Amino acid sequence: MLRGVFFCAFLCQPKRMTDLVADIGGTNSRFALAHAGQLLAGSLWQVPNRQFATFDAALASYLEGRAAPARACIAAAGVVQHDTVALTNHDWQIRAAKLPIAEVHLLNDMQALGYALGPLGAPHTRKLVLNIGTGLNVAVLYSVNAAAYVPPSESGHRRLPHLPDRADAEILTRCSEAYGANALESVLSGAGLERLHVALTGEARTARSLSADWPPETLALALRLLGHCLADLALTHLPEGGIWLAGSVGRALAAQLAHPEFAESYTAKGTYLDLVKSFTISVLKDEVAALTGAAAYLQGQAASD
């Protein structure tokens, strides 16, 4: 009898559920498989978007020769509306209902970065990630009844901070006019750094070149802007679990946080000085954090079912 119970228990075990996770940026896309919230070794594939006319074609290429996954979480650099997301900086559109997967979850890529913060710092605390790369955006991880929740956001279009120095204010005006909107992304992003440097010096340089050998004037203004931006975000969301900087520009600026220009602007909060200083600031080093976060999101969905 015991032998029969064991045999039945073996047969009745749930099959291994493999999920698809994807991080779809404006330039490159990453795909991977995950199980129980963990990426599967050897499953990562990164490809330039220009190699495929559509997202569906890129997905089909990745899935060729693989068993169809049970679920998918696709994190994309665009605004999710209903079951569709159109990439902000590429002409792909992703429609969940058209994909060959039964259960598809669409997230903004910053939401996925937010979910990746779960294992970092103290558990069940608010955590914030500021990503500065091609663009700028923010995600906040909340704990709701011990479950992770990250709302969508388009914080790159927050207005620029007021800087008391008239020369700084004029530089910001020129950058926002060149960008076409009064937005943080006009100065704190890859292209934003380039605008900032041109407005300050008249010299055209790439963001990669600037961050490899910072011109003092450009670095100082970028850090003043970052300090004001982070302090405002900190007081808006009170991330007692910590703040993380991500993205190529974010990581490059994070290496300069000991600079007095950052410290002075970040702590210029009057009676809230001690509060903003209490939030730790770290670097999100996981190169595939959006995939990690997408896998964590699906694991959370499974736990709530």
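**Exercise 1.** Which residue stands opposite Y149 in β12?

*Solution.* Begin with the strands that are involved in this predicted model. Strand β11, which covers residues 136-144, and β12 pair in the antiparallel sense over three bridges. Within this pairing, the residue that stands opposite Y149 in β12 is Y142.

**Exercise 2.** Place β11 and β12 in their sheet, and then say which helix packs on that sheet.

*Solution.* Step one is the order of the strands: five of them form an open sheet that reads β12-β11-β10-β13-β14, and the pairing is mixed. Step two is to find the edges, which are β12 (147-149) and β14 (281-283), since each of these strands pairs on one side only. Step three concerns the twist, which averages 25 degrees from one strand to the next. Step four adds the helix: α7 packs on the sheet, where it touches β10, β11, β13 and β14, and its direction makes about 150 degrees with that of β10.

**Exercise 3.** Follow the chain from β6 through β7 to β8, and describe how these strands are joined.

*Solution.* Take β6 (residues 78-81) and β7 (residues 84-87) to start with; they pair in the antiparallel sense over four bridges, and in this pairing Q81 stands opposite T84 in β7. The two strands form a hairpin with two residues between them, and H82 in the turn has a positive phi of about 60 degrees. Next, β7 is joined by three bridges to strand β8 (residues 93-95), and these two strands run antiparallel. One of the residue pairs here is A86 with its bridge partner Q93 in β8. The connection from β7 to β8 is again a hairpin, with five residues in it.

**Exercise 4.** How many salt bridges does the structure hold, and which parts of the chain does the one between E240 and R126 link?

*Solution.* The structure holds five salt bridges. In one of them the side chains of E240 and R126 meet, at 3.2 Å from N to O. This pair links distant parts of the chain, 114 residues apart: E240 is in the loop between α7 (216-237) and β13 (243-246), while R126 is in the loop between α3 (109-115) and β10 (127-132). For the surroundings of each partner, turn to the relative accessible area, which is 44% for E240, a partly exposed residue, and 28% for R126, which is also partly exposed.

**Exercise 5.** Which residues are joined with R224 into one network of salt bridges, and are D168 and E261 buried or partly exposed?

*Solution.* Consider the two salt bridges of R224 in turn. The side chains of R224 and D168 meet at 3.1 Å, N to O; R224 lies in helix α7 and D168 in helix α4 (residues 166-179), so this pair ties together parts that are 56 residues apart in sequence. D168 has a relative accessibility of 10%, and because buried means under 20%, D168 counts as buried. The side chains of R224 and E261 also meet in a salt bridge, at 3.2 Å from N to O. E261 lies in helix α9 (residues 260-266), so its pairing with R224 in α7 ties together parts that are 37 residues apart in sequence. At 23% relative accessibility, E261 counts as partly exposed. Finally, put the two bridges together: through shared partners, D168, R224 and E261 are joined into one network.

Terms used
Residues numbered from 1 in each chain as written. Predicted model: local features only at pLDDT ≥ 70, side-chain atom pairs only at ≥ 80, totals over all residues. Heavy atoms only, no water. Salt bridge = Lys/Arg side-chain N within 4 Å of Asp/Glu carboxyl O. Buried < 20%, exposed > 50% of the residue type's maximum accessible area, 1.4 Å probe, protein only. Pairing = 2+ DSSP bridges. Axes fitted to C-alpha atoms, helices over the stretch in contact; angles between N-to-C directions. Contact = heavy atoms within 4.5 Å.
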